[in-house]
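Here's a quick tour of one protein fold, starting with its strands and ending in its core. Have the 3D view open while you read.

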Amino acid sequence: MNDLVISDDKFRLDVKLIHRFLTTSYWAEGRTIEEVKKSIEHSLCFGVYKDDNQIGFARIVTDYTVIAYLMDVFILEEHRGKGFSKLLLKRIFEDDRFKRIKKWMLATKDAHSLYAQFGFGEIKNIERLMEKVVLRK
């Protein structure tokens, strides 16, 4: 894995690749390139690079103390099954900037077993959580 680099340098990110992937995902279908750019601008982002080509991404929305929300995590399909997502998550959770965070949140439809390896589980007291979904045309 010597040729794998995980970086939080936003200037290295391939925004077109990120947008292309996200618009085919179940969670970000229809997200515009402008929305992707703005979400990157206002988040801490990590790119995964193999041989200088971006193959993965994750972003975190956080106050660096109380809560962090892990979002838009992906490894391109042709690079899955090689442990890259685990390396990405390990890098994120070992980052010194996140040491004080008391609660991490994420949403997933199909990667529960991956995230369970990093301490995630079902939400306790789910009845306390609420959401507001705003649909815009």
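How many of the seven residues of E2 are buried? Keep in mind that this is a predicted model. Six of them are buried, so strand E2 is largely enclosed by the rest of the structure.

Now look at who E2 pairs up with. Here are the two pairings:

| Strands | Direction | Bridges | One facing pair |
|---|---|---|---|
| E1 and E2 | antiparallel | four | Ile6 and Val48 |
| E2 and E3 | antiparallel | seven | Leu44 and Ile60 |

E2 and E3 also form a hairpin with two residues between the strands, and Asp51 takes a positive phi near 55° in this hairpin.

Next, zoom in on Ser7, which sits in strand E1. Is Ser7 buried or exposed? Its relative accessibility is 12%, and buried means under 20%, so Ser7 counts as buried. A polar atom of the Ser7 side chain lies 3.0 Å from the backbone nitrogen of Asp9. Leaving aside residues up to four places away in sequence, Ser7 touches Arg12, Cys45, Phe46, Gly47 and Tyr49.

Finally, the core. The largest nonpolar core has 37 residues, and those with the most contacts inside it are Leu70, Ile92, Trp104 and Tyr115. Among the elements that give two or more residues to this core are strands E1 (4–7), E2 (44–50) and E3 (53–62), along with helix H3 (84–93). Trp104 is a good one to click on: not counting residues up to four places away in sequence, Trp104 touches Ile60, Ala68, Leu70, Ile92, Phe93, Phe98 and Phe120.

Definitions and conventions
Residues are numbered from 1 along each chain as its sequence is written. This is a predicted model: local features need pLDDT of at least 70, side-chain atom pairs count only at pLDDT 80 or more; totals for chains, interfaces and linings use all residues. Side-chain values use heavy atoms; hydrogens and water are left out. A nonpolar core is a set of buried Ala, Val, Leu, Ile, Met, Phe, Trp, Tyr and Cys residues joined through side-chain atoms within 4.5 Å. Buried means under 20% relative accessible area, exposed over 50%, partly exposed in between (1.4 Å probe, protein chains only). Contact means heavy atoms within 4.5 Å. A polar contact is a pair of N or O atoms within 3.5 Å; within protein, one must be able to donate a hydrogen and the other to accept it, and residues adjacent in sequence count only if both atoms are side-chain atoms. Two strands pair if DSSP finds at least two bridges between them.
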